[in-house]
Amino acid sequence: MIFPDFLQQPDQQLYFLINQKWGNAFFDAILPPIRDRIFWIPLYALIALVLMIKFKWKGIFLILILGANFGISDQLSSAVIKPMVARTRPCNDEKLMQNVILRVDHCGGGKSFTSSHAANTFAFAVLCSLLFGKKKKWLKYIALFWAFAISYAQIYVGVHYPLDIIGGALLGTGISFGTYLLSKKYLLKKHFPELLLQTKSI
């Protein structure tokens, strides 16, 4: 499958706007490190610890749900959609690469659409929002901003087009809603009813 030509030009225009025109020293300092998955390992470990403390042994189920959701989004993006669409990354495109500002050590050898970073981070953020956002409404805003910042960084550093990010975000969001509905039906109602209760606190 070839990426549609009528989408390529506007996508490239927005890409260079973000990658070049909107570049600044502040973004240069914070965006490259936050899109590195290793950077967030302490956060994932902290979330796992909090779930175990709050829900005791049942917290394992929530950790497994979040992990499986993350893994499904990653595999669908990397192993299914990317090979099928076969879109070249902008920093590997011979027609564009001389004009790309690459703000990381390497471009990456994989294909571009969809962004697995966007799919994974939005999968994690949206599912966290659905699971815990009823009790902690502020959480959904922080989680979604976190996912957006990491995804935007992928464009800024030069390794993905905007539509790669949008596609990945939609993929991760869709998977999360499916995971949440299944979890609500088979697990949450019985073992985590408190997560389904609405609260007026913000």
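Before you select anything, one definition will help: a residue is buried when its relative accessible area is under 20%, exposed when over 50%, and partly exposed in between (1.4 Å probe, protein chains only). You are looking at a predicted model, in which local features need pLDDT of at least 70 and side-chain atom pairs count only at pLDDT 80 or more, while totals for chains, interfaces and linings use all residues. Residues are numbered from 1 along each chain as its sequence is written, and side-chain values use heavy atoms, with hydrogens and water left out.

**Whole chain**

Start with the protein chain as a cartoon. Seven helices and zero strands should appear; helices (H or I, at least four residues) and strands (E, at least two) are DSSP runs, numbered from the N terminus. The C-alpha atoms fill a box of roughly 55 × 40 × 30 Å along the principal axes. The radius of gyration is 18 Å, which agrees with the value near 17 Å for a compact globule of 202 residues; this radius is taken over C-alpha atoms, and the globule rule is 2.2 Å times the number of residues to the power 0.38.

Colour by accessibility next: buried residues make up 46% of the 202. For contacts, meaning heavy atoms within 4.5 Å, take the pairs at least 6 apart in sequence: 82% of them join residues at least 24 apart.

**The disulfide**

Now select Cys-91 and Cys-107. Their sulfur atoms lie 1.8 Å apart and form a disulfide, the term for a pair of cysteine sulfur atoms within 2.5 Å. By this rule the count comes to one disulfide. Both cysteines sit in the loop between α4 (59-85) and α5 (116-132), so the pair ties together parts that are 16 residues apart in sequence. Check the torsion about the S-S bond: it is about 70 degrees, so this disulfide is right-handed. Are the two cysteines, Cys-91 and Cys-107, buried or exposed? Both are buried. Cys-128 counts as buried too, at 7% relative accessibility.

**Helices α3 and α4**

Show α3 (residues 41-55) together with α4. Their axes come within 7 Å and cross at roughly 150 degrees; axes are lines fitted to C-alpha atoms, for helices over the stretch in contact, and angles run from 0 to 180 degrees between N-to-C directions. That makes α3 roughly antiparallel to α4, a label for angles over 145 degrees (under 35 is roughly parallel, 65 to 115 roughly perpendicular, and the rest oblique).

Display side chains here. On the α3 side, pick Tyr-44, Ala-48, Leu-51, Met-52 and Phe-55; they meet Gly-59, Ile-60, Leu-62, Ile-63, Leu-66 and Phe-70 in α4. The residues of this contact divide into ten nonpolar, one polar and no charged. Ala, Val, Leu, Ile, Met, Phe, Trp, Tyr, Cys and Pro count as nonpolar, Asp, Glu, Lys and Arg as charged, and the others, Gly among them, as polar.

**Backbone stops**

Move to Lys-56 in the loop between α3 and α4. Lys-56 has a positive phi of about 55 degrees although it is not a glycine, and at 54% relative accessibility it counts as exposed. Ala-86, in the loop between α4 and α5, also has a positive phi, near 55 degrees; Ala-86 is partly exposed at 36%.

Thr-114 is in the loop between α4 and α5. The peptide bond leading from Phe-113 to Thr-114 is cis, with omega near 5 degrees.

**Last stop: His-117**

Finish in helix α5 with His-117, which is buried at a relative accessible area of 15%. Which residues does His-117 contact, leaving aside its neighbours within four places in sequence? Select Arg-35, Arg-37, Ile-150 and Gln-154 to see them.
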